[in-house]
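I opened my notebook today to look up a few things in one protein structure. Come along and check each entry with me.

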Amino acid sequence: MKYPFTLPKLSYPYDALEPYIDAKTMELHHSKHHQGYVDKLNAAIEKWPEGKILELEEILKNLDIVPESIRQAVRNHGGGHYNHSLFWKIMKPGAAVEPKGDLAKAIENNFGNFSKFKEEFTNAALGVFGSGWAWLVAENSMTAIENAKLKIITTPNQDTPLAAGYTPIVGIDVWEHAYYLKYQNRRQEYIEAWWNVLDWESINRKSE
Ligand code: MN
């Protein structure tokens, strides 16, 4: 992804993740919140000619190279664009509820079994104070996922795992805008529902 950034199209309609994630939330989240990050990221990079030719991933891995006057904007809105682009891609209606193949093996190696991983991830997501994300990340290169050292981390605001040197595999948005319309303050119900729409096949393919 490079400047000028654009809002990615979803591969499913806004109501496709019902009843787990409602259509109104999806529409606002994608067409307003994510669009906002894209617009503000473009406005920031517009002022930085050298940045226009860089991949967003490279920028987010090396925020020190961003001019100080736009660094915070790029961190927030670039992170927002990157995180949400990944978030839409790892979900799908009627998706498999558990990973298979090498990623499943890696989860077993690192967490014992899938349900232990799920519990640990859910607790991390519940524990995010205020707005942020919980992530399954790889510590090393993703070229051999079965040998990957996996970890669960959280990031505040729109900070990305990339900035901390990790490769993100799965992430959940626990900003209130991701669930408030349907679940109000019940973040746990949202997280439990979200497991039903995770697209482990695509996550597995991406991690290979
Ligand atoms: Mn969001």
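Here are my entries, one topic at a time.

**Entry 1: the kind of model.** I began by noting that this is a predicted model. I keep that in mind for every value below.

**Entry 2: the metal site.** Which residues coordinate the manganese ion? I found H29, H84, D173 and H177. The three histidines each use their NE2 atom, while D173 uses OD. The distances run from 1.9 to 2.1 Å. Along the chain, I wrote the spacing of these donors as H-x54-H-x88-D-x3-H. Then I looked at where H29 and H177 sit: H29 is in helix α1 (residues 23-45), and H177 is in the loop between β3 and α6 (180-183). They are 148 residues apart, so this pair links distant parts of the chain. Are H29 and H177 buried or exposed? Both are buried.

**Entry 3: strand β1 and its neighbours.** Next I followed strand β1, residues 132-138. How many of its 7 residues are buried? I counted 7 of 7, and I noted the strand as mostly covered. Its side chains split into two sets: G132, A134, L136 and A138 point one way, and W133, W135 and V137 point the other way. Both sets are buried. I then checked the partners of β1. Strand β2 (residues 150-156) runs antiparallel to β1, and 7 bridges join the two. In that pairing, L136 stands opposite I152. Strand β3 is also antiparallel to β1, joined to it by 6 bridges. There I found V137 opposite P168.

**Entry 4: aromatic rings.** My list of aromatic pairs came to 15. I picked out F114 and W195 for a second look. Their ring centres are 6.2 Å apart and their planes meet at 85°; an angle over 60 degrees counts as edge-to-face, so this pair is edge-to-face. F114 belongs to helix α5 (residues 114-126) and W195 to the loop between α7 and α8 (200-207), so the pair ties together parts that are 81 residues apart in sequence. Why do I call F114 buried? Its relative accessible area is 10%, and buried means under 20%. W195 is buried too, because its relative accessible area is 5%. I also found a cluster linked by ring pairs, made up of F111, F114, F117, F121, W194, W195 and W200.

**Entry 5: the largest pocket.** I moved on to open space in the model. The largest pocket has a volume of about 240 Å³. Its lining has 13 residues, and those nearest the centre are M1, E57, Y82, K89 and K206. Which elements give two or more residues to the lining? They are α2 (56-61), α3 (68-89) and β3 (167-173). Of these, α3 gives the most, with 4 residues. Sorted by class, I got 6 nonpolar, 2 polar and 5 charged residues in the lining.

**Entry 6: one last residue.** I finished with Q188, which lies in helix α7 (residues 187-194). Its relative accessibility is 40%, so Q188 counts as partly exposed. I also compared the positions of Q188 and I153. They are 35 residues apart along the chain, and their C-alpha atoms are separated by 17 Å.

Definitions and conventions
Residues are numbered from 1 along each chain as its sequence is written. This is a predicted model: local features need pLDDT of at least 70, side-chain atom pairs count only at pLDDT 80 or more; totals for chains, interfaces and linings use all residues. Side-chain values use heavy atoms; hydrogens and water are left out. Buried means under 20% relative accessible area, exposed over 50%, partly exposed in between (1.4 Å probe, protein chains only). On a 1 Å grid over the protein atoms alone, a cavity is a set of points where a 1.4 Å probe fits but cannot get out, and a pocket is an open set with protein on both sides within 12 Å along at least five of seven lines; lining residues have an atom within 4 Å of a point. Grid points are joined across faces, edges and corners, and a volume is the space filled by probe spheres set on the points. Ala, Val, Leu, Ile, Met, Phe, Trp, Tyr, Cys and Pro count as nonpolar, Asp, Glu, Lys and Arg as charged, and the others, Gly among them, as polar. Donors are N, O and S atoms within 2.8 Å of the metal (3.2 Å for Na, K and Ca); water is not among the atoms, so sites may look incomplete. Two strands pair if DSSP finds at least two bridges between them. Rings of Phe, Tyr and Trp (its six-membered ring) pair if their centres lie within 6.5 Å; planes under 30 degrees apart count as stacked, over 60 as edge-to-face and the rest as tilted.
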